[in-house]
Each structure stands twice: as structure tokens, then as C-alpha cells.
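Thanks, everyone. Let me put the structure up, and then we will walk through it.

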Amino acid sequence: MTGDGTRAVRAGLPEPEAHEPALPGPVFAAHYHLPGDAVGPYTYGRDANPTWTRLEEAIGALESPDESAHTIAFASGMAAISAVLFSQLRSGDAVVLPSDGYQLLPAARTRLESYGIEVRTAPTAHDAQLDALDGARLLWIETPSNPGLDVCDIRRLAEAAHHRGALVAVDNTLATPLGQRPLDLGADFSVASGTKALTGHGDVLLGYASTRDAALADSVRLWRKTVGAIPGPMESWLAHRSLATLALRVRQQSAGALALATALTDRPEVTGLRHPGLPSDPSHQLATRQMRPGRFGSVVSFVLPDKPFAERFLAALTLVDEATSFGGVRSSAERRGRWGGDAVPEGFIRFSVGVEEPEDLVADVLRALDVATRA
Ligand SMILES: Cc1ncc(COP(=O)(O)O)c(C=O)c1O
């Protein structure tokens with residue numbers, strides 16, 4: 001089996017059994033029948049759950065189709081990120097984070113520093129994190145970065161980090177495992193928020209960490225058990241069900257995002273346009289080498305002249321929800337500066353393309369730009 005779409009449809013399903021569903025329903029259990037010795041696989045609900053097991057096998061098969069990998073599912077992307085950071089780092093260690101990554105990384109930074117961990121930051125673009133690696137224990141990469149959509153060279157950074165004895169984790173949220181496979185590119189961990197494109201319907205919070213190293217997996221799993229950051233069975237089941245359409249969604253969203261970015265290239269009110277699939281994008285060449293063809297993700301970012309203009313634009317859209325998050329089947333957009341966490345101009349828009357027909361979406365966006373311009 002070579003096709004990602006085929007793999008996504010069957011990933012993690014049990015052997016067919018007469019009169020049983022293809023994907024068994026969620027197992028709601030705080031504890032399991034456990035006569036005699038306290039041995040697994042299922043003992044207590046915070047340790048393990050068959051619905052997680054199936055989902056974890058499925059995600060592992062997508063992140064690492066050619067080599068076995070261990071995946072640990074979490075209650076959210078931040079739970080997964082924190083699990084890797086806090087299970088691997090100790091007082092006196094140094095970690096390199098992106099300076100332009102997800103907006104909660106600074107909060108993680110403060111917490112790490114309070115535990116005596118040195119935190120260094122550098123931008124994603126131009127592989128600038130390379131210069132901060134000496135003596136580091138862990139390199140954290142986010143590519144494409146959110147919301148600026150810069151791309152860094154995972155293989156190059158991973159080789160340099162390993163050379164210095166550092167572990168490498170990649171936040172694969174934006175690309176999804178169908179867009180990019182960090183473990184194949186040399187990373188020790190692929191970590192993601194499953195809340196976004198992986199599940200894609202805007203109705204589930206979820207996260208995961210995948211690794212090929214059993215000892216690393218055990219330490220992350222122990223962290224999950226210790227802090228109790230476990231996914232709910234219902235969320236896990238919904239996520240697994242959603243994986244079957246991941247390839248369809250990623251292809252459609254990537255095509256729509258490219259169509260939108262292309263349509264915005266000659267709009268005078270749009271500056272700072274970024275999308276890794278756009279041939280003129282500064283990241284395009286690297287993204288083409290590192291990401292799967294035609295799967296550059298759902299996000300397009302750009303800058304409108306100022307806050308009032310951006311607000312008029314968002315209000316004039318009819319097919320696009322003004323909402324945070326990205327990767328969902330319904331297009332959404334927001335003025336990212338309203339959160340105050342990212343170093344972006346007031347008119348910066350993060351646009352997430354859904355699975356609508358690209359021509360309908362492009363028409364709606366161009367019309368909303370016209371409305372915002374006329375006002
Ligand atoms: C790149 C990235 N990583 C991690 C997260 C955190 O995920 P969650 O909201 O599921 O905790 C987000 C959330 O937006 C994100 O954009």
C-alpha cells in the first residue's frame with residue numbers, strides 16, 4: 001500500500017470481524033475488569049484505552065509508514081507539546097525554540113525558565129536556529145510556522161542538532177502527516193495539534209507526539225499518565241473517524257489555499273502575502289523539497305493596510321467564519337493581532353481555507369476586499 005489516502009482510510013482499523021463495525025465505537029471506561037495481577041494492556045483509564053490505541057496506531061502509520069513508530073495521544077496540542085518539553089528537559093538543560101512559533105510557546109518558555117532550563121529562541125526562516133544549538137538538549141522546530149508561514153530545513157537542522165547531541169522535535173500541526181513526515185526527515189519527535197487539519201471539523205481538541213524511539217515514547221507516556229493530560233474516548237474516536245477523509249481534505253484545502261494566494265498576488269491592498277505553495281513565496285523551493293506535492297496546507301497569511309480595513313474585510317466575508325484556529329472544513333479567518341501574542345502588524349490576516357469550491361471562496365474574498373476598500 002503506497003497511497004497516503006488509502007492508508008488514511010484503513011489506518012488503525014482492527015481485523016474485520018463478522019457483525020462488528022469497521023471502526024468500533026468509543027470505549028468509555030475509567031477502569032477495566034482486572035482479576036489477579038495488575039497487568040495490561042488495559043488496567044486503568046488514565047493509563048490506556050482501546051480507542052486511543054487504535055487512534056495512536058493510525059496516526060503512527062501516517063507519520064511513519066515505513067518504520068514502526070509509537071504515538072501518544074493527548075487532550076490537546078498544548079498537552080502534547082508540554083509533554084515532550086517537560087518530559088525531556090531537566091534543570092540545567094538548554095532548549096532552542098522558534099521565536100515565531102505558536103503563541104503559547106512564550107508561556108512555555110516562562111515555565112521552563114522557572115525550572116532552571118535555559119531557553120534560546122531564533123526565527124524559523126533561514127534555518128536561524130542552527131546558530132543557537134551549541135550545548136542544547138532539545139531543538140524545537142515549527143515548520144511551516146504559525147502564523148508567519150516561514151519554512152526551515154528539517155533535515156539540515158536535525159543533522160546539526162544530532163551532531164551536537166540534541167534531540168529534535170517538529171510541530172507538524174500545519175502540514176499534517178500527509179503534508180510532511182518529520183520522522184523521515186530525521187526528527188526524533190513529530191508533535192501536533194490534532195485540533196486543526198488532522199481532525200478538520202472544528203469539533204475536537206486533541207494532540208499527539210510520535211517517535212520511533214521506544215524509550216522516548218515511554219517517557220512521554222509516563223508524563224501523560226502523571227499529569228493526566230489524556231484525550232477523551234469520544235474525541236479519540238471522532239479523530240480516528242475523521243482520518244479517513246484527511247487526504248481529501250488536505251488536497252482540497254491546499255488547492256483552495258493556492259487558488260486564494262494566487263488571486264491575492266495582484267491585489268494592491270494586500271502585502272506580505274505568504275503561502276508555501278505559491279511559486280513566488282520565499283519558502284517555496286524548500287517547501288517543495290520537504291513537503292508532499294500539492295499539500296502545502298490550508299493557511300494563507302497576508303497583511304491589509306490597517307486594523308479598520310482588516311475588520312471591514314472580515315465583516316464583509318460571507319463564506320468565511322471570523323474565528324481562530326485553522327485547518328477546518330469551513331473557511332475561517334482572523335486578524336491575528338487581536339490576541340496580542342504574535343509579532344504581526346495590526347492588519348495581519350491568518351486565513352484558513354476550508355473545503356469549499358475554490359472559485360466561490362476566491363470570489364467572496366475579492367468581493368470583501370472591494371467592500372473594505374470602498375468604505
Ligand atoms: C502550530 C500549533 N501548535 C500547537 C497548537 C496548540 O494546539 P491546541 O490548541 O490543540 O492545544 C496550535 C494551536 O493553534 C498551533 O497552531
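I will take the domains, then the sheet and its helices, then the ligand.

One caution before anything else: this is a predicted model.

Start with the overall layout. The domain assignment gives two domains. Domain 1 covers 4–243, and domain 2 covers 247–374. Taken over C-alpha atoms, their centres are 26 Å apart. Domain 1 puts 25 residues into the contact, and domain 2 puts in 31 residues. Which helix gives the largest share of the domain 1 side? That is α1, residues 4–10, with three residues. By class, the domain 1 side has eleven nonpolar, ten polar and four charged residues.

Now the sheet. It is open, with five strands. Read the order across as β8-β9-β12-β11-β10. The pairing is mixed. Which strands sit at the edges? They are β8, at 271–274, and β10, at 321–322. Each of these pairs on one side only.

Look at the β8 end. β8 and β9 run antiparallel, joined by two bridges. β9 spans residues 299–303. You can find the register from T271, which faces V303 in β9.

Next, the helices on this sheet. α8, residues 246–264, packs on the sheet and touches β8, β9 and β12. The direction of α8 makes about 20 degrees with that of β9. α10 is residues 307–316. That helix lies across β10, β11 and β12, at about 160 degrees to β11.

Stay with α8, since this helix also packs against α11, residues 358–374. How do we describe such a pair? For two packed helices, we give the angle between the axes and the distance between the axes. Here the angle is about 35 degrees, and the axes are 9 Å apart. The crossing of α8 and α11 is right-handed. From α8, the residues are A255, G256, A259, L260 and A263. They meet P358, L361, V362, V365 and L366 of α11. What is the make-up of this contact? Nine residues are nonpolar, one is polar and none is charged.

Last stop, the ligand. It has 14 residues around it. The closest are S76, G77, M78, S193 and T195. Which helix gives the most to this shell? α3, residues 77–88, does, with three residues. The classes in the shell are five nonpolar, seven polar and two charged.

That is the tour. I am happy to take questions.

Note on methods
Residues are numbered from 1 along each chain as its sequence is written. This is a predicted model: local features need pLDDT of at least 70, side-chain atom pairs count only at pLDDT 80 or more; totals for chains, interfaces and linings use all residues. Two strands pair if DSSP finds at least two bridges between them. Helices (H or I, at least four residues) and strands (E, at least two) are DSSP runs, numbered from the N terminus. Two residues are in contact if their C-beta atoms, placed from the backbone, lie within 7 Å. Axes are lines fitted to C-alpha atoms, for helices over the stretch in contact, and angles run from 0 to 180 degrees between N-to-C directions. A residue is near a molecule or strand if its C-beta atom, placed from the backbone, lies within 6 Å of it. Ala, Val, Leu, Ile, Met, Phe, Trp, Tyr, Cys and Pro count as nonpolar, Asp, Glu, Lys and Arg as charged, and the others, Gly among them, as polar. A crossing is left-handed if the near helix is turned anticlockwise from the far one by less than a right angle, and right-handed if clockwise. Domain bounds come from an automatic or database domain assignment.
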